[in-house]
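Biologist: Got a minute to go through this one with me? I'd like to start with the pockets and then look at a couple of residues.

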Amino acid sequence: MIIGDFGAGAVLITFGAILGKCSLSQLWCLATLEIIFYSLSEAICAGHFGAVDMGGSMYVHTFGAYFGLAASYFFDNKKAIADAKNRCEGDYNSQLIAMLGTLFLWMFWPSFNGALAADFQQQRVIVNTVMAISASCITACGVSRIWMQRLDMEVVLNATLAGGVSVGSSSDLVVTAGTAMAIGALAGIVSAVGFLKLSAVLREKINLHDTCGVHNLHGMPGVLGGIIGAISASLADTEFENEETLSKTFPKIAEGRTTSEQGWIQLLALGITLAFAIGGGVISGLISSRFGKIDELFDDEEHFHGPGYIEVEEDLKTNKVAAH
């Protein structure tokens, strides 16, 4: 169930990149193909090479983000950028509801990162995640205030969660709260700058349309988390005095691998994950884009019965009565 939850998380992250640009049939096809590439990537990195990614910074967040970004090029990116609905900001009520979701994710993240942790790791993982995500809240809001002179809701709803993404790979390795907070603070800054500046640059330069900003919340913090995880793994022998604990954390070390070699393996896993994500995203986007099409971008009326239909139905009834 937990492994399935992680796989579903990767698909949800991908959906954030193509939201409003694909039909339900296209999404079904894309999600089905994604799980295949996701499973292959994790099986090679974790199963064969023994790369450890406790909170899914690489296997879930980085994979889901770059898979979705690669696939998005096959779902009318240029048309989406020019679409007037794409430039509309959510109203107060939609942002309020989104804030409830953000609070839920904030509380859920320690459990997500620690779901696969052993009993001797869980406390450390949970404390590190809480420290990191608290720090990302502070720095993300700080960057927003300095940059915009106000709190930008896109940053508040997204970048405040970046600490949980970046600390994932090293959440079972970091042994001081200060280090965890430094990781979270850096992630909050990177993510906030991404939302406030980088997204617009990428739209202009390479026509990259990222509906929900998954590159800023999951992509860049995920890569950052993978790099930090590699550094933490290479220094693990200085952090853990207990050789048994070290071997339990990295099973391959019990077979003779050094911590320095483990660090390089972690970087290799990050590269493999990016290769599978981008390559798989291109292939899956090309295939799934052939499964139907969407007529109106960023519009749910084709699939959802909304308040606007009530007025239309009432008008139809009135016209029928008048005709009789």
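Modeller: Sure. Keep in mind that this is a predicted model. The second largest pocket holds about 370 Å³ of space.

Biologist: Which residues are closest to the centre of that second largest pocket?

Modeller: Of the 22 residues lining the pocket, the closest to its centre are Ala-51, Val-52, Asp-53, Met-54 and Leu-116.

Biologist: And which elements give two or more residues to that lining?

Modeller: Those are helix H1 (2–18), helix H2 (24–48), H3 and helix H12 (243–249). The largest share, 3 residues, comes from H2.

Biologist: How does the lining of the second largest pocket divide into nonpolar, polar and charged?

Modeller: You get 13 nonpolar residues, 4 polar and 5 charged.

Biologist: OK, Met-54 caught my eye. What is Gly-168 in contact with, leaving aside its neighbours within four places in sequence?

Modeller: Met-54 is one of the contacts, and the others are Gly-55, Ser-57 and Asn-113. Gly-168 and Met-54 sit 114 residues apart in sequence, but their C-alpha atoms are 6.0 Å apart in space.

Biologist: Where does Gly-168 lie?

Modeller: In the loop between helix H8 (162–166) and H9.

Biologist: Does Gly-168 count as buried or exposed?

Modeller: Gly-168 counts as buried, because its relative accessibility is 0% and the cut-off for buried is under 20%.

Biologist: Now His-61. Where is that one?

Modeller: His-61 is in helix H3, which covers residues 57–72. With a relative accessibility of 3%, His-61 counts as buried too.

Biologist: Which residues does His-61 touch, not counting those up to four places away in sequence?

Modeller: His-61 touches Ile-13, Gly-55, Gly-56, Trp-109, Phe-112, Val-165 and His-218. Gly-55 also turns up among the contacts of Gly-168.

Biologist: Switching to closed spaces: how many cavities of 30 Å³ or more are there in the whole structure?

Modeller: The search finds 1. The largest cavity has a volume of about 60 Å³.

Biologist: What lines the largest cavity?

Modeller: Ser-199, Leu-202, Arg-203, Leu-208, Asp-210, His-215 and Asn-216. Helix H9 (177–206) and helix H10 (214–234) are the elements that give two or more residues to this lining. H9 gives the most, with 3 residues.

Biologist: And how do the residues of that lining divide?

Modeller: For the largest cavity, the lining has 2 nonpolar, 3 polar and 2 charged residues.

Notes: Residues are numbered from 1 along each chain as its sequence is written. This is a predicted model: local features need pLDDT of at least 70, side-chain atom pairs count only at pLDDT 80 or more; totals for chains, interfaces and linings use all residues. Side-chain values use heavy atoms; hydrogens and water are left out. Helices (H or I, at least four residues) and strands (E, at least two) are DSSP runs, numbered from the N terminus. Buried means under 20% relative accessible area, exposed over 50%, partly exposed in between (1.4 Å probe, protein chains only). Contact means heavy atoms within 4.5 Å. On a 1 Å grid over the protein atoms alone, a cavity is a set of points where a 1.4 Å probe fits but cannot get out, and a pocket is an open set with protein on both sides within 12 Å along at least five of seven lines; lining residues have an atom within 4 Å of a point. Grid points are joined across faces, edges and corners, and a volume is the space filled by probe spheres set on the points. Ala, Val, Leu, Ile, Met, Phe, Trp, Tyr, Cys and Pro count as nonpolar, Asp, Glu, Lys and Arg as charged, and the others, Gly among them, as polar.
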